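Me: I would like to go through this structure by question and answer. Please keep each reply short and end it on what I asked for.

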Amino acid sequence: PISHPQLSTGKPEDLCEQPLQELYMSLLGAIAYLAHTRVDILVFVSALQRHTSKPTVLHVKKLNKLLAWTQKNPKKLAYKKIGNSSTYAEKGYITHLKAISDAAYKKETEDGYSLRGAVFVRSVGPLTDNSTTQTGLGHLIDYICRSQRHVTRSTFAAELLSAGDTADQAILIAQMLQELANGPEEATIARDKRTRG
């Protein structure tokens, strides 16, 4: 964690001195590198990265808190064998892609920021399975955590635009999974699947 005299003497809204800002950027870069395997911290990393040019004492304290939580809760990305495909077929289970989307909107003092996020998971089981249960097994294929591509002025707009962007990405991933399973397809066949299902 970052240790600097300004953290104990400064007010939360005080801008960081140059040495503290450099420490902030260095630690934030190290934690951001964890994003390859720690999808659970992406939203916090993204929020802290917005303040790299002018971090405050509060941002440094939040970064230290994120580091402590990450170290206390070690996790790793692991891909387990899903099982015998014939066993799943007998139960009527199919391999399918789950796309889970979320967005957040916050009106800040000068700028309105809207973040979007999504995870794309290859799952085996009934399509009706609840995506939030911890018993389901799935392979994380892709994820997104970034600012909205469009201007938003409400939570509803942020959620709607995020869902649309997630669906667009899910169509591309579904096409890739289809071609991995069945071989390459001509562009006209892929286009027909998109328009007709």
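Me: How many residues does the largest nonpolar core have?
Reply: This is a predicted model. In the largest nonpolar core, the residues with the most contacts inside it are Ile2, Tyr24, Ile31, Val60 and Leu63. H2, helix H3 (42-49) and H4 each supply at least two residues of this core. The number of residues in the largest core is 16.

Me: How many residues are in the second, separate core?
Reply: The second core includes Ala118, Phe120, Ile144 and Ile173. Its size is five residues.

Me: Which residues does Val60 touch, not counting residues up to four places away in sequence?
Reply: Val60 is one of the residues with the most contacts inside the largest core. Leaving out residues up to four places away in sequence, Val60 touches Ile2, Leu7, Cys16, Leu20 and Tyr24.

Me: At roughly what angle do the axes of H2 and H4 cross?
Reply: Two packed helices are described by the angle between their axes and the distance between the axes. Helix H2 covers residues 18-33 and helix H4 covers residues 57-72. Their axes come within 11 Å. The axes cross at roughly 30°.

Me: Is the crossing of H2 and H4 left-handed or right-handed?
Reply: The angle alone, roughly 30°, leaves the hand of the crossing to be stated. H2 passes H4 in a crossing that is left-handed.

Me: How many charged residues are in the contact of H2 with H4?
Reply: On the H2 side are Leu20, Tyr24, Leu27, Leu28 and Ile31. They meet His59, Val60, Leu63, Asn64, Leu66 and Leu67 in H4. By class, nine residues of this contact are nonpolar and two are polar. The number of charged residues is none: there are no charged residues.

Me: Is Leu27 buried or exposed?
Reply: Leu27 lies in helix H2. Away from its neighbours up to four places in sequence, Leu27 touches Ile2, Leu63, Asn64 and Leu67. The relative accessibility of Leu27 is 16%, and buried means under 20%, so Leu27 counts as buried.

Me: How far apart in space are Leu27 and Leu63, C-alpha to C-alpha?
Reply: Leu27 and Leu63 touch. In sequence they are 36 residues apart. In space, C-alpha to C-alpha, they are apart by 8.0 Å.

Me: What does Ala30 count as at 45% relative accessibility?
Reply: Ala30 is found in helix H2. The C-alpha atoms of Ala30 and Leu67 are separated by 9.9 Å, and the two residues are 37 residues apart along the chain. Buried means under 20% and exposed means over 50%, so at 45% Ala30 counts as partly exposed.

Me: Which residues is His59 in contact with, leaving aside its neighbours within four places in sequence?
Reply: His59 has its place in helix H4. His59 is buried, with a relative accessible area of 13%. Leaving aside neighbours within four places in sequence, His59 is in contact with Tyr24, Leu48 and His51.

Me: How many salt bridges does a search of the whole structure find?
Reply: Arg38 and Asp40 meet through their side chains at 2.9 Å, N to O. Arg116 and Asp165 meet at 3.7 Å, and Glu185 and Lys193 at 2.5 Å. Over the whole structure, the number of salt bridges found is three.

Me: How many residues apart are Arg116 and Asp165?
Reply: The side chains of Arg116 and Asp165 meet in a salt bridge. This pair links distant parts of the chain, with Arg116 in strand S2 (residues 112-125) and Asp165 in helix H6 (residues 155-182). Arg116 is buried at 7% relative accessibility, and Asp165 is buried at 9%. Along the chain, the two are apart by 49 residues.

Me: Is Arg38 buried or exposed?
Reply: Arg38 shares a salt bridge with Asp40. Asp40 is partly exposed, with a relative accessible area of 32%. Arg38 has 4% relative accessibility, and the cut-off is under 20%, so Arg38 counts as buried.

Me: What pattern does the chain follow, read along the sequence?
Reply: The chain has seven helices and three strands. Read along the sequence, the pattern is α-α-α-α-α-β-β-β-α-α.

Note on methods
Residues numbered from 1 in each chain as written. Predicted model: local features only at pLDDT ≥ 70, side-chain atom pairs only at ≥ 80, totals over all residues. Heavy atoms only, no water. Axes fitted to C-alpha atoms, helices over the stretch in contact; angles between N-to-C directions. Helix = DSSP H or I, 4+ residues; strand = E, 2+ residues; numbered from the N terminus. Left-handed = near helix turned anticlockwise from the far one by under 90°. Contact = heavy atoms within 4.5 Å. Nonpolar A, V, L, I, M, F, W, Y, C, P; charged D, E, K, R; others polar. Salt bridge = Lys/Arg side-chain N within 4 Å of Asp/Glu carboxyl O. Buried < 20%, exposed > 50% of the residue type's maximum accessible area, 1.4 Å probe, protein only. Core = buried A, V, L, I, M, F, W, Y, C linked by side-chain atoms within 4.5 Å.
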